[in-house]
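This report is meant for a reader who is meeting this structure for the first time. It begins with the whole chain and then turns to selected places within it.

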Amino acid sequence: MSNVFYAPGEPRAAKVSDLFAAIARRYDLLNDLQSFGLHRRWKCRVAALSAAAPGARALDLCCGTGDIAFALARRGAETTGLDFSEKMLEMAQARSRKFRTPNSELRTPNFIEGDAQQIPFPDNSFDIVTVGYGLRNLASWESGLDEMFRVARPGARLIVLDFGRPPNALWRKIYFTHLKISVPLIGWLFCGNAQAYAYILESLKHYPAQLAVAEKMRALKLANVRVINLLGGAMAINYGEKPA
Ligand SMILES: C[S@@+](CC[C@H](N)C(=O)[O-])C[C@H]1O[C@@H](n2cnc3c(N)ncnc32)[C@H](O)[C@@H]1O
């Protein structure tokens, strides 16, 4: 089972895309089950950190079924969600049709198909660029951050939410055991697909997580770079601002 998604180059992107196509229908349910609903809170935290407000242009990369994009739109930002999986975007579009807000001036996000490593927008286009549980999936997380930086306007906020690497060795062992055993088991029970969920741990082995993302943000000369560890670093938010 190991390394099945890690063929180098294009085959890997195709495999990741197939994986999300296979689990799209159950993706939201499984997120709730596996995080005990906590992922919702962490995504709200991303939206709060973004300071999204009417007049701001926001881009949510690897948007999947749209959680973060909807959270940004609810705060009034003109939001685009981008993903390369048609099936995940279909789920986002279906949610769009039910998107209700107390304020009728709020617009639903615009969901588009595209590659986060070649974002189809010019330089300096957005005030907010977010990615949730997406950077880890890219063939190169560094070039993903370069692209986020490129399309961000001066002063824009760049925010990454993803699985992390807990600094405490004992907690890391417990957490990785959870990812190795219970997460694929829940995937198998509720989605009939253990392999897709074993992929989380597999991808984490190839992703240096929050500290390296912060280092890369500093190398890009982002200001106010911060790491917010959640659940003792099992999850993390990386935050930085493109210099004005
Ligand atoms: C784990 S899901 C995260 C979805 C959503 N952001 C969330 O937090 O629930 C990862 C998403 O990244 C997308 N993805 C992976 N690689 C991508 C790429 N190169 N370009 C665009 N989307 C990509 C997948 O299709 C999938 O929808």
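## Charges and overall form

In counting charged side chains, Lys and Arg are taken as positive and Asp and Glu as negative, while His and the chain ends are left out of the count. On that basis the protein, which is shown here as a predicted model, carries 31 positive and 22 negative side chains, and the centres of these two sets lie 7 Å apart.

The secondary structure of the protein comprises 9 helices and 7 strands. Its radius of gyration is 17 Å, close to the 18 Å that the globule rule gives for 244 residues, so the protein is as compact as a globular protein of that length. Along the principal axes, the C-alpha trace spans about 45 × 40 × 35 Å.

## Burial, contacts and surface

Of the 244 residues in the protein, 52% are buried. Among contacts with a separation of 6 or more, 70% are made by residues that stand 24 or more positions apart in the chain. The protein exposes about 11,500 Å², and carbon and sulfur atoms supply 55% of that area.

## Helix α3 and Arg45

Helix α3 covers residues 38–50, and Arg45 is found within it. With a relative accessible area of 39%, Arg45 is partly exposed. When its neighbours within four places in sequence are left aside, Arg45 is in contact with Ile228, Leu230 and Ile237. By way of comparison along the chain, Lys87 is 42 residues from Arg45, and the C-alpha atoms of these two residues are separated by 26 Å.

## Cysteines

A disulfide is a covalent bond between the sulfur atoms of two cysteines. How many disulfides does a search of the whole structure find? The search finds 0, and the distances around two of the cysteines can be set beside that result.

For Cys44, the closest cysteine sulfur is that of Cys63, which lies 17 Å away and is therefore too far for a bond. Cys63 is likewise in no disulfide, and the cysteine sulfur nearest to it, that of Cys62, is 8.1 Å away. As for their surroundings, Cys44 counts as partly exposed at 47% relative accessibility, whereas Cys63 counts as buried at 7%.

## Helix α4

Helix α4 runs over residues 67–74, and because 7 of its 8 residues are buried, the helix is largely enclosed by the rest of the structure. The buried residues of α4 are Asp67, Ile68, Ala69, Phe70, Ala71, Leu72 and Ala73. Just after this helix, Gly76 takes a positive phi of about 100 degrees.

## Positive phi outside glycine

Asn124 has a positive phi of about 55 degrees although it is not a glycine. This residue lies in the loop between strand β3 (110–113) and strand β4 (126–132). Is Asn124 buried, exposed or partly exposed? Its relative accessible area is 39%, so Asn124 is partly exposed.

Ala209, which is also not a glycine, has a positive phi of about 65 degrees. Ala209 lies in helix α9, which is made up of residues 209–219. A relative accessible area of 0% places Ala209 among the buried residues, whereas Asn124, in its loop, is partly exposed.

Definitions and conventions. Residues are numbered from 1 along each chain as its sequence is written. This is a predicted model: local features need pLDDT of at least 70, side-chain atom pairs count only at pLDDT 80 or more; totals for chains, interfaces and linings use all residues. Side-chain values use heavy atoms; hydrogens and water are left out. Helices (H or I, at least four residues) and strands (E, at least two) are DSSP runs, numbered from the N terminus. The radius of gyration is taken over C-alpha atoms; the globule rule is 2.2 Å times the number of residues to the power 0.38. Buried means under 20% relative accessible area, exposed over 50%, partly exposed in between (1.4 Å probe, protein chains only). Contact means heavy atoms within 4.5 Å. Accessible areas come from the Shrake-Rupley method with a 1.4 Å probe; for residues, only the protein chains shown count as cover. The place of a charge is taken as NZ of Lys, CZ of Arg, CG of Asp or CD of Glu. A disulfide is a pair of cysteine sulfur atoms within 2.5 Å.
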